[in-house]
Amino acid sequence: MSFSDILLMRNELLLVAATVVILIADLVFAADQRKQFYYFSVFLIFIVAITGLFPSESGSIFGGMYETGGLQIMMKNILNFSTLIVLLQSWGWFSQVKQQKRIGEFMILLLSTLIGMGYMISSGHFLMFYLGLELATIPLAALAAYDYYKSKSAEAGIKLILLAAFSSGILLFGISLIYGITGTLYFGEAGQLINGSTLSVLGLVLIFTGLSFKVSLVPFHLWTADVYEGSPINVTSYLSVVSKGSAVFIMLIVLNTVFASLNDIWDTLIYTIIIITITIGNLFAIRQRNIKRFLAFSSIAQAGFIMLGVIDNSAFGVATVVYFILVYMFSNLAAFGVASAISAETGKESIDDYKGFYGTNPRLSLVMMLAMFSLAGIPPVAGFFGKFFLFTAAAEKGYYILVLIAVLNTIISLYYYLLVIKVMFIEKSDSPIQFFSSNLPMKISLVICVLGLVITGFTSGVFDYMVAVSDQLFSSI
Amino acid sequence: MENYQYTIWILILPFAAFLFTGILSGKLKPSLTATISIGAIGIATALSYLAAIQYFFLNASESYTAVEAASFTWYRLSDTLVIDMGILIDPISVMMLVVISTVSFMVHIYSTGYMKGDDGYARYFTFLSLFSFAMLGLVLATNLIQIYVFWELVGLSSYLLIGHYYQKPSAVAAAKKAFIVTRFADLGFLIGILMLSYYTGTFSFSDITNPDGPLITQTIGGTFLGLSTLTWAMILVFMGGAGKSAMFPFHIWLPDAMEGPTPISALIHAATMVVAGVYLVARMFTVYSLAAPEALEVIAFIGAFTSLFAALIAITQTDIKKILAYSTISQIGYMMMALGVSGYSGEAGLGFTASMFHLFTHAFFKALLFLGAGSIIHAVHSNEMKDMGGLRKHLPATHITFLIATLAISGIPPFSGFFSKDEILAAAYASNKLYFAVEYLVAGLTAFYMFRLYFNVFWGKKRTYENIHESPASMTIPLWILAFGAAFAGFLPFSHLVTTDGIPFDTHFHLTIAIASVAIALTGIFIAAALYRKESTRSQKIAATLGVFYTVTKEKFYVDEIYLFITKKIIFNLISKSIAWFDRHIVDGFMNLTGNTTVAASFRIRKFQSGNIHQYALVFLTGVLIATLVYLYYYPK
């Protein structure tokens with residue numbers, strides 16, 4: 001193995017290096033230099049994220065266990081930048097006195113999961129995939145329980161770890177069935193040997209449901225609301241964007257490589273799950289008054305929409321999913337950013353507290369409005385195009401009824417997204433949240449999100465490029 | 001030579017000015033906002049002239065071909081149906097660039113004087129930049145969707161600027177009226193676009209208007225009420241154009257739009273936006289002429305009718321801006337009629353060339369008339385002619401420039417309007433004698449009502465004014481520049497520049513028509529002079545003898561009242577009320593039922609979210625089991 005082969009793992013290697021440097025820097029920076037330490041760490045991650053944009057070779061190493069190409073790089077870039085935005089939005093929370101000395105801890109846990117996701121997405125082998133998945137999950141439970149002195153946060157952590165272990169068991173069972181039939185753990189080889197026997201269908205169902213847990217598709221979603229609500233808000237936004245996105249990415253890869261020949265079977269499975277997920281997600285979201293729970297359930301419904309693109313097993317379908325996740329990242333992080341700014345400033349997390357917010361904080365309200373518009377899919381913000389492409393993907397496969405159901409559910413979702421805007425803009429309050437100025441990193445992150453929302457909606461080059469790189473998944477077979 | 005890359009800056013600069021001043025509104029000094037806007041449009045003007053010189057005069061070849069200076073794909077609907085954003089350089093777009101940028105630049109400068117001290121000074125300039133961007137984007141559009149996007153942006157900025165004095169209820173009402181009427185017409189445009197793209201599979205102008213393309217060489221679609229589908233589509237497209245260009249019966253918004261600041265009336269409602277409809281027809285002219293001649297007949301009829309109709313109303317109005325507004329409608333009717341009677345290629349295309357020529361000259365003299373009117377209003381603080389008279393001594397610069405414009409619009413040689421009007425009359429004469437007769441009459445009426453206005457304002461009764469003075473240089477300099485254009489733009493060899501198929505041809509001077517048209521114009525002027533030059537009661541006597549005819553034209557043929565009757569009495573009472581009942585009881589009932597069911601369902605399922613982790617695992621496992629069992633049952637192998 002030559003040096004250039006090692007460089008194929010550039011993203012993960014850099015992340016590992018950054019983790020080590022942060023670990024040491026945590027000791028070097030004194031207690032009164034936490035702000036500098038924070039900026040230093042964010043800068044390191046920024047460097048890693050930017051490096052990902054430079055062109056990279058595609059190929060595989062370790063005998064095909066690790067594979068990389070334009071598609072994987074694109075997915076990792078999305079995850080890296082989402083992480084960066086999450087960290088930018090965390091300063092308000094970090095700067096509180098009791099959090100200050102634990103910044104390093106948080107960063108390292110977060111980066112570990114990101115490394116795990118990187119390996120997971122790049123895996124060409126079930127073992128690598130499983131290792132990556134666990135590395136991406138276990139530190140997350142620690143992050144969810146990060147405010148361990150709050151019972152809700154501790155509860156969130158324990159719920160996440162228990163149910164994750166549960167889902168891993170089911171996933172492993174599925175993997176072992178596939179191994180039993182094909183005698184191999186390599187994606188490519190297994191894909192060629194799978195023949196549609198009962199056992200392989202069972203393997204598919206079990207692996208799919210195991211991953212559905214991470215994507216929080218109904219009925220494997222029940223952990224979502226409790227964990228999202230209990231975790232610190234920045235962990236929640238990480239869970240709902242980065243963790244969910246990575247799970248969707250690996251699901252795309254596994255379904256389209258290993259189970260490519262069983263396409264008509266997983267189509268029907270996803271078909272049913274989409275309908276249940278979108279409907280249940282929406283029904284729950286309507287009732288929520290806590291902003292974190294609200295976003296949690298809305299993100300369940302969004303996961304259902306994402307599956308509309310997964311169902312189309314073509315380069316176009318894959319590209320619609322990746323594009324939607326990019327857009328979803330901007331919109332959801334913008335919404336979480338505003339919610340976390342408010343939470344860090346006032347501790348308020350109920351939607352009812354947002355009454356009259358436009359009067360006191362017009363800019364943040366506008367960001368929230370854009371985010372809600374994008375999540376609901378209102379043109380011209382990027383969310384509209386994201387949803388539009390997903391619907392096109394499902395319609396191209398001929399699932400018109402499914403698209404119709406999805407469109408009807410979009411209308412329901414419009415109701416609760418607009419409700420948030422209504423509370424902020426129209427309803428009056430005697431004691432609205434007072435004006436406050438967000439800190440600089442938060443401002444930067446919100447500007448990035450808003451620009452992303454507007455620009456990705458207006459530049460089709462992004463989507464065309466995604467279609468081009470997604471083709472790799474299908475040409476190799 | 002063929003490099004027009006720089007034209008993209010013509011769009012970027014005004015847009016950047018809009019964004020910059022818009023985002024920092026309230027933080028910038030108003031004067032700085034104005035400077036930024038003027039700088040942006042100034043550079044855009046220079047670039048437009050550069051493009052025009054390069055395209056028309058540095059072009060080695062014999063004919064003019066369309067060039068796509070820039071294009072990027074915005075959105076891919078299918079392999080062929082692509083929405084692009086680009087820049088199309090061809091004779092009419094370059095000509096429009098010159099018109100729009102010049103007038104816009106002049107209006108920007110003029111506004112620094114006219115709007116001085118206004119509360120919304122900065123906001124005004126921000127929207128002015130938006131309008132300039134939208135209008136320039138409209139003429140540079142390479143495809144139907146792009147033109148539609150900018151079309152609506154133009155409509156929006158027009159709405160914002162008409163409603164500039166938003167504290168005045170009449171301004172708000174006028175803005176709303178303009179928006180709703182044009183928006184309604186745009187619905188036709190949109191349906192037309194969809195029909196065209198459905199049959200051709202493309203939005204691109206170069207494909208649609210290609211004389212050898214499938215749209216023109218083959219018959220597509222079926223027929224409806226005796227006309228082909230394509231003809232209907234083109235009539236619908238024209239409907240959009242008629243809305244923006246205030247053709248009968250969509251003309252009602254334009255006179256009301258005079259509630260906006262006068263420079264806005266000059267820019268949007270005289271020189272640029274209102275001719276967008278003419279531009280649209282010209283842009284699609286190949287299709288109209290070669291594949292949908294029936295639609296072209298509709299255009300000719302509407303154009304001729306509107307020009308006469310509006311000219312009649314203009315005679316009896318007393319508000320100087322309203323007179324100019326009706327005059328604009330009448331002149332645009334001229335342009336539409338000229339397009340309608342035009343043939344394709346060579347000298348048969350004289351109507352097309354004449355229409356574009358008139359559009360060009362009209363932009364100068366009508367903008368000048370409006371800016372002059374603004375200068376008058378600035379001095380006497382009234383729009384009504386009864387408050388004016390004998391102003392020629394007080395406002396010398398305004399007087400001379402206004403006179404030049406009035407002579408130009410009346411078609412007196414050697415001013416610009418004479419040449420373009422002469423070509424239009426010649427084109428009408430060659431094609432349809434009835435239209436020629438109508439337009440000939442309108443030429444006389446135009447001369448009459450314009451000089452009625454002129455004499456009433458600058459001559460007529462002697463009055464004393466308090467505190468009256470000529471407008472500042474920032475307002476008079478644009479007047480002089482535009483006056484230069486209004487006087488000499490007629491000498492441009494237009495048939496060598498703008499033709500239907502890009503191949504220049506020679507126009508012959510139509511001496512008989514020229515003499516006849518000058519004669520009727522002079523007749524109109526003499527009558528006006530006799531009635532209004534000195535204060536007299538002759539005009540009232542004539543009005544009294546005309547009786548009901550006078551009242552009907554003064555009340556603008558009661559078109560507004562008819563609209564109100566139709567909308568309020570018929571649509572609201574008969575249709576809306578029954579629909580409202582259906583909506584309230586059936587539709588709402590159904591929606592409430594769905595809403596209640598949704599809420600009830602969401603209440604029922606709350607138990608699943610118990611917080612109990614054992615139950616979560618159980619539900620999880622049940623889901624897995626159901627899925628496996630179903631698949632074991634359906635896929636046993």
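Start by selecting helix H20 of chain A together with what covers its buried residues: that cover includes H14, helix H15 (291-310), helix H17 (357-360), helix H18 (362-376) and helix H19 (382-396) of chain A, and also helix H24 (559-604) of chain B. Keep in mind as you go that you are looking at a predicted model.

**Stop 1: helix H20 of chain A**

Colour residues 400-425 of chain A, which form the 26 residues of H20. From first C-alpha to last, H20(A) reaches 36 Å, close to the 38 Å expected at 1.5 Å a residue. Now show side chains. Which residues of H20(A) are buried? Select Leu402(A), Ala406(A), Asn409(A), Ile412(A), Ser413(A), Tyr416(A), Tyr417(A), Val420(A) and Met424(A). As you follow the numbering of that selection, one rule is handy: an α-helix has 3.6 residues a turn, so residues three or four places apart point the same way.

**Stop 2: helix H14 of chain A**

H14 is one of the helices in the cover you just displayed, and a residue to pick there is Ile275(A), which lies in this helix. Is Ile275(A) buried, exposed or partly exposed? Ile275(A) has 18 other C-beta atoms within 10 Å, so it is partly exposed; buried would take 20 or more. Next, draw a distance from Ile275(A) to Ala301(A): C-alpha to C-alpha, they are 9.7 Å apart in space, with their positions 26 residues apart in sequence.

**Stop 3: where the two chains touch**

Bring chain B back into view. How many residues of chain A are in contact with chain B? There are 29 of them, and they meet 25 residues of chain B. To find the elements that each give two or more residues to chain A's side, select helix H9 (151-182), helix H11 (198-215), helix H12 (223-230) and helix H14 (263-287) of chain A. H14(A) gives the largest share of that side, seven residues. Try colouring by residue class here: chain A's side has 21 nonpolar, five polar and three charged residues.

**Stop 4: two cis peptide bonds**

Go next to the loop between H11 and H12 of chain A, where Pro219(A) lies. The peptide bond leading into this proline from Val218(A) is cis, with omega near 5 degrees. Chain B offers another cis bond, from Phe248(B) to Pro249(B), with omega near 0 degrees. To reach Pro249(B), select the loop between helix H9 (229-244) and helix H10 (253-256) of chain B. These are worth a click, as most peptide bonds are trans.

**Stop 5: two positive phi values**

Zoom in on the loop between strand E1 (59-61) and strand E2 (66-68) of chain A to find Phe62(A). Its phi is near 55 degrees, a positive value in a residue other than glycine. Phe62(A) has 14 C-beta neighbours inside 10 Å and so counts as partly exposed.

Then switch to chain B and pick His381(B), in the loop between helix H16 (350-380) and helix H17 (396-410). Although His381(B) is not a glycine, its phi is positive, at about 55 degrees. Is His381(B) buried or exposed? With 11 other C-beta atoms within 10 Å, His381(B) is exposed.

**Stop 6: zoom out on chain A**

Show chain A as a cartoon and you have 22 helices and two strands on screen. Its radius of gyration is 21 Å, close to the 23 Å that the globule rule gives for 477 residues, so chain A is as compact as a globular protein of that length. Along the principal axes, the C-alpha atoms of chain A fill a box of roughly 65 × 55 × 45 Å. Colour by burial and 59% of the 477 residues light up as buried. Among contacts in chain A between residues at least 6 apart in sequence, 80% join residues at least 24 apart.

**Stop 7: zoom out on chain B**

Chain B has 25 helices and four strands. The C-alpha atoms of chain B fill a box of roughly 100 × 55 × 50 Å along the principal axes, and its radius of gyration of 28 Å agrees with the value near 26 Å for a compact globule of 637 residues. Buried residues account for 51% of the chain.

To finish, colour chain B by its domain assignment: domain 1 (1-187 + 247-284), domain 2 (292-554) and domain 3 (561-634). How far apart are the centres of domain 2 and domain 3 of chain B? Taken over C-alpha atoms, 60 Å separate them.

Conventions. Residues numbered from 1 in each chain as written. Chains lettered and ligands numbered in written order. Predicted model: local features only at pLDDT ≥ 70, side-chain atom pairs only at ≥ 80, totals over all residues. Rg over C-alpha atoms; globule rule 2.2 N^0.38 Å. Buried ≥ 20, exposed ≤ 12 C-beta atoms within 10 Å, placed from the backbone. Contact = placed C-beta atoms within 7 Å. Nonpolar A, V, L, I, M, F, W, Y, C, P; charged D, E, K, R; others polar. Expected span 1.5 Å × (residues − 1). Domains from an automatic or database assignment.
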